[in-house]
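Student: I have a model open and want to learn how to read its features. Can we go through them one at a time?

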Amino acid sequence: KLETCTNLLKEKTMEEIKQLVYNYAKAVHSQNEEEFKALWSSKENILISLANQFNGTDAIYQDFLIGVIQSHYESIDLVVEKIDIRMIDENKAIVVFRYHTECIRRDTHEPYGIQGLETQIVIKENNQWKLMHIHYSK
């Protein structure tokens, strides 16, 4: 019985973390400030993009999502593929997944996209999984 309970808890945890990843992809698309910022921890959050590092949730939203992504693309879909979750302990995990983007360039109105790997470090805060660190590459 204990093993069954442990497995169910592990499955629930994995599903919660996957949902956080999907919610992040949705927030990148919608660019809704409240939804995007609600996904991040209260700690020192960092996002490392292809060329820059953004420190703090406000900078990640304003300088990366709005300043870089929104200024270059009319629309963006972040498509998440094959999520691999590695638990560090019951309150921390490393998430790695392949992704590709489906974008429309703002300047030319042409389709554009990249593909690569993304790593996320997530922590459990107030009984909810939150983003703390993202690093993506193509």
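Student: Is Phe54 buried or exposed?
Tutor: Note that this is a predicted model. Read burial from relative accessible area: under 20% means buried. Phe54 has 8% relative accessibility, so Phe54 counts as buried.

Student: Which ring does Phe54 pair with?
Tutor: Look at two things, the centre distance and the angle between the planes. Phe54 and Phe64 form an aromatic pair, with 5.5 Å centre to centre and 55° between the planes. That pair is tilted. Phe64 is buried, at 4% relative accessibility.

Student: Which elements hold Phe54 and Phe64?
Tutor: Phe54 lies in strand β2 (residues 53–55), and Phe64 in helix α3. The two parts are 10 residues apart in sequence, so the ring pair ties them together.

Student: How many aromatic pairs are there?
Tutor: The count comes to seven aromatic pairs. One of them is Phe36 with Trp40, a tilted pair at 6.0 Å centre to centre and 50° between the planes. Phe36 has 0% relative accessibility and counts as buried. Trp40 counts as buried too, at 4%.

Student: Which residues do ring pairs link into a cluster?
Tutor: Follow the pairs from ring to ring. The cluster holds Tyr24, Phe36, Trp40 and Tyr61.

Student: Now charges. What should I look for in a salt bridge?
Tutor: Start from the general idea. Side chains of opposite charge can pair when their charged atoms come close. Here the count comes to six salt bridges. Take Lys37 and Asp58, whose side chains meet at 2.7 Å, N to O.

Student: Why does the Lys37 and Asp58 pair tie parts together?
Tutor: Check the elements and the sequence separation. Lys37 belongs to helix α2 (residues 33–38) and Asp58 to helix α3, so the pair ties together parts that are 21 residues apart in sequence.

Student: Are Lys37 and Asp58 buried or exposed?
Tutor: Take each residue separately. Lys37 has 23% relative accessibility and counts as partly exposed. Asp58 has a relative accessible area of 52%, so Asp58 is exposed.

Student: Which residues are linked with Lys37 in a network of salt bridges?
Tutor: Glu33 and Asp58 are linked with Lys37 in that network.

Student: Which other salt bridges can I look at?
Tutor: Try Asp89 with Lys92, where the closest N and O atoms are 2.8 Å apart. Asp89 is partly exposed at 28% relative accessibility. Lys92 is partly exposed as well, at 36%. Then look at Asp107 and Arg105, which meet at 3.3 Å, N to O. Asp107 is exposed, with a relative accessible area of 55%. Arg105 is partly exposed, at 27%.

Student: On to strands. How many bridges join β3 to β4?
Tutor: Bridges tell you which strands pair, and in which direction. β3 and β4 run antiparallel and are joined by 13 bridges. These two strands form a hairpin with two residues between them. For the register, use Arg86, which stands opposite Ile94 in β4.

Student: What is the general rule for side chains along a strand?
Tutor: In a regular strand the side chains alternate between the two faces of the sheet.

Student: Which strand do nine bridges join to β4?
Tutor: That is strand β6 (residues 115–125), and β4 and β6 run antiparallel. Ala93 stands opposite Val122 in β6.

Student: How many bridges join β4 to β5?
Tutor: Two bridges join β4 to strand β5 (residues 111–112), again antiparallel. Ile104 has Pro111 in β5 as its bridge partner. β4 and β5 form a hairpin with five residues between them. In that turn, His109 has a positive phi of about 65°.

Student: Last, the largest pocket. Which residues lie nearest its centre?
Tutor: For a pocket, read the volume, then the lining. The space in the largest pocket is about 380 Å³. Its lining has 22 residues, and Leu50, Ile69, Tyr73, Ile114 and Tyr136 lie nearest the centre.

Student: Which elements give two or more residues to that lining?
Tutor: They are α1 (2–30), α3 (57–72), β3 (73–89) and β4 (92–105). The largest share, four residues, comes from α3.

Student: What is the lining of the largest pocket by class?
Tutor: The lining has 16 nonpolar, four polar and two charged residues.

Key
Residues are numbered from 1 along each chain as its sequence is written. This is a predicted model: local features need pLDDT of at least 70, side-chain atom pairs count only at pLDDT 80 or more; totals for chains, interfaces and linings use all residues. Side-chain values use heavy atoms; hydrogens and water are left out. On a 1 Å grid over the protein atoms alone, a cavity is a set of points where a 1.4 Å probe fits but cannot get out, and a pocket is an open set with protein on both sides within 12 Å along at least five of seven lines; lining residues have an atom within 4 Å of a point. Grid points are joined across faces, edges and corners, and a volume is the space filled by probe spheres set on the points. Ala, Val, Leu, Ile, Met, Phe, Trp, Tyr, Cys and Pro count as nonpolar, Asp, Glu, Lys and Arg as charged, and the others, Gly among them, as polar. Two strands pair if DSSP finds at least two bridges between them. A salt bridge is a side-chain nitrogen of Lys or Arg within 4 Å of a carboxyl oxygen of Asp or Glu. Buried means under 20% relative accessible area, exposed over 50%, partly exposed in between (1.4 Å probe, protein chains only). Rings of Phe, Tyr and Trp (its six-membered ring) pair if their centres lie within 6.5 Å; planes under 30 degrees apart count as stacked, over 60 as edge-to-face and the rest as tilted.
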